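Here are my notes on this one, point by point. Have the model open while you read.

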Amino acid sequence: MLDLLDVQKHFILTHLRPGDTAVDYTMGNGHDTEFLSKTVGRDGKVYAFDVQLNALNSTAKNLEKAGCDPNYTLLCASHHRVKEFVHEKVRAGMFNLGYLPGSDKKITTMHETTLAAIDAAIELMDKDAIILIAIYPGHAEGELEGRLVGERLAQLDRHFYTVACFRMLNSPTSPFFYIVEGR
Ligand code: SAM
């Protein structure tokens, strides 16, 4: 059976190399941060954002337990502020939108800040970079967010970006993701 996370990682690994810089725009418990940290290795850098301090604390613990190199910077700030903290080009960016499973469902990503963060993430893209944006359309804000993100990405100039969507066609409320690649 298709595992959405494995498919996401496959796409990231076609771009991200040791020594690169990556951003986890929605840190949560840090599973994506760990994957990015291990992929870029000792000489790379990972920045991770979340608005919840408990997400940051849980990620810090998980990364240490997983034996990650200290190549990460965990930031308790909204992802739309990324350019205040990241002053270099980024090879891979991951957004896993929505709320943290098992936590307060009211603390979810909101389309206004999500769209601003995606615009900033696109501006920060390095050569041969990729951004993945996972959408959870099973709740109202997630459905709206998915639609608005899709509309925004569809406007990107095809001479400079490839934009695609990976979606289960026979299960419309299942999570899906958008891919943005620089050309
Ligand atoms: N990638 C995470 C993991 O591996 O555990 C799961 C991410 S979870 C689906 C979404 C996360 O986005 C939540 O932890 C939530 O607090 C965070 N979030 C909500 N609004 C945010 C914002 N404006 N900026 C950054 N993170 C935000």
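1. The largest nonpolar core (buried Ala, Val, Leu, Ile, Met, Phe, Trp, Tyr and Cys residues joined through side-chain atoms within 4.5 Å; buried is under 20% relative accessible area, 1.4 Å probe, protein chains only) has 28 residues, and those touching the most other members are Phe 49, Val 86, Phe 95, Ile 131, Ile 133, Val 149 and Leu 153. Elements giving it two or more residues include strand E2 (45-50), helix H5 (111-123) and helix H6 (140-154); H5 gives the most, with six. Helices (H or I, at least four residues) and strands (E, at least two) are DSSP runs, numbered from the N terminus.

2. A word on provenance: this is a predicted model, where local features need pLDDT of at least 70, side-chain atom pairs count only at pLDDT 80 or more, and totals for chains, interfaces and linings use all residues. Residues are numbered from 1 along each chain as its sequence is written, and side-chain values use heavy atoms, leaving out hydrogens and water.

3. Look at helix H2 (residues 31-40) too: seven of its ten residues are buried, among them Asp 32, Phe 35 and Leu 36. After H2 comes Gly 41, with a positive phi near 70°.

4. Now the ligand. Asp 32 has a side-chain N or O atom 2.9 Å from a ligand nitrogen. A polar side-chain atom of Ser 78 is also 2.9 Å from a nitrogen of the ligand, and for His 79 a polar backbone atom lies 2.9 Å from a ligand nitrogen.

Definitions and conventions. Buried < 20%, exposed > 50% of the residue type's maximum accessible area, 1.4 Å probe, protein only. Polar contact = N/O pair within 3.5 Å; in protein donor to acceptor, adjacent residues only side chain to side chain.
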